[in-house]
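Please look through the sequence and the structure shown below, and then follow the report on its cysteines and its helices.

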Amino acid sequence: MFIARFMAGMAEGLSFTAVPMYLGEIADSKIRDVIASVCPVCIIFGILLINILGSYLSIVTTAYVSTIIPILLLITFIWMPESPYFYLIRGNVEEAKNSLRLLRAKEDVTSELERMTRAVEEQNKNRGKCMDLLKTKSNRNAVIIAFGLRGIQQLSGTTAIIFNCKQRVQE
């Protein structure tokens with residue numbers, strides 16, 4: 001159980017960073033804010049779904065049922081193109097153009113590709129370091145708040161309380 005919880009935590013941490021970044025990079029600027037807000041809603045929906053399933057099914061059955069969505073994601077995500085930013089950072093402009101054409105479903109992506117190229121160049125000029133998070137007071141406060149809230153959430157025992165509620169209902 002400890003190993004499974006550790007692996008789940010690592011996967012969750014990776015997905016909390018990679019998924020919003022990927023969605024932000026591939027989304028059209030007109031709908032980027034909507035897509036960014038879908039991520040937390042899906043997380044809450046997933047928690048609700050597991051709590052509902054866990055109330056009616058055994059832990060083993062709930063685990064099997066809940067693996068369906070990640071398996072479907074793994075199978076279908078293979079065909080998603082890399083982000084145009086990914087290709088531009090590596091200097092592969094032609095692949096970035098192809099990726100953008102596929103994501104936007106249109107041939108002429110020149111203006112958006114130029115905007116992305118300028119953004120990547122600007123990003124490469126202004127490379128930050130990990131210590132910049134702690135040097136600037138506003139960044140330091142944000143890091144403390146984010147880690148503090150996440151730590152309190154994980155250490156408060158909400159998972160144990162939720163599982164205990166399920167057991168009390170069944171008794």
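## Cysteines without a bond

In this predicted model, the sulfur of Cys-39 has its closest cysteine sulfur in Cys-42, at 6.7 Å, which is too far for a bond. Seen from the other side, the sulfur of Cys-42 finds its closest cysteine sulfur in Cys-39, again at 6.7 Å and too far for a bond. A disulfide is a covalent bond between the sulfur atoms of two cysteines, and the cut-off applied here asks for sulfur atoms within 2.5 Å. The structure accordingly holds zero disulfides.

The surroundings of these cysteines can also be described by their accessibility. Cys-39 counts as buried because its relative accessibility is 17%, whereas Cys-42, at 47%, counts as partly exposed.

## Two helices packed together

Helix α3, which covers residues 59-66, packs against helix α4, residues 68-77, at an angle of about 20°, and their axes lie 4 Å apart. Because angles under 35 degrees count as roughly parallel, α3 is described as roughly parallel to α4. On the α3 side the contact is made by Tyr-64, Val-65 and Ser-66, while α4 contributes Ile-68, Ile-69 and Pro-70. Sorted by class, this contact of α3 with α4 has five nonpolar residues, one polar residue and no charged residues.

## Helix α9 and the residue after it

Helix α9 runs over residues 137-155, and its 19 residues reach 26 Å from the first C-alpha to the last, close to the 27 Å expected at 1.5 Å a residue. Just after α9 comes Gly-157, which takes a positive phi of about 85°.

How values were computed
Residues numbered from 1 in each chain as written. Predicted model: local features only at pLDDT ≥ 70, side-chain atom pairs only at ≥ 80, totals over all residues. Heavy atoms only, no water. Axes fitted to C-alpha atoms, helices over the stretch in contact; angles between N-to-C directions. Parallel < 35°, antiparallel > 145°, perpendicular 65-115°, else oblique. Contact = heavy atoms within 4.5 Å. Nonpolar A, V, L, I, M, F, W, Y, C, P; charged D, E, K, R; others polar. Expected span 1.5 Å × (residues − 1). Buried < 20%, exposed > 50% of the residue type's maximum accessible area, 1.4 Å probe, protein only.
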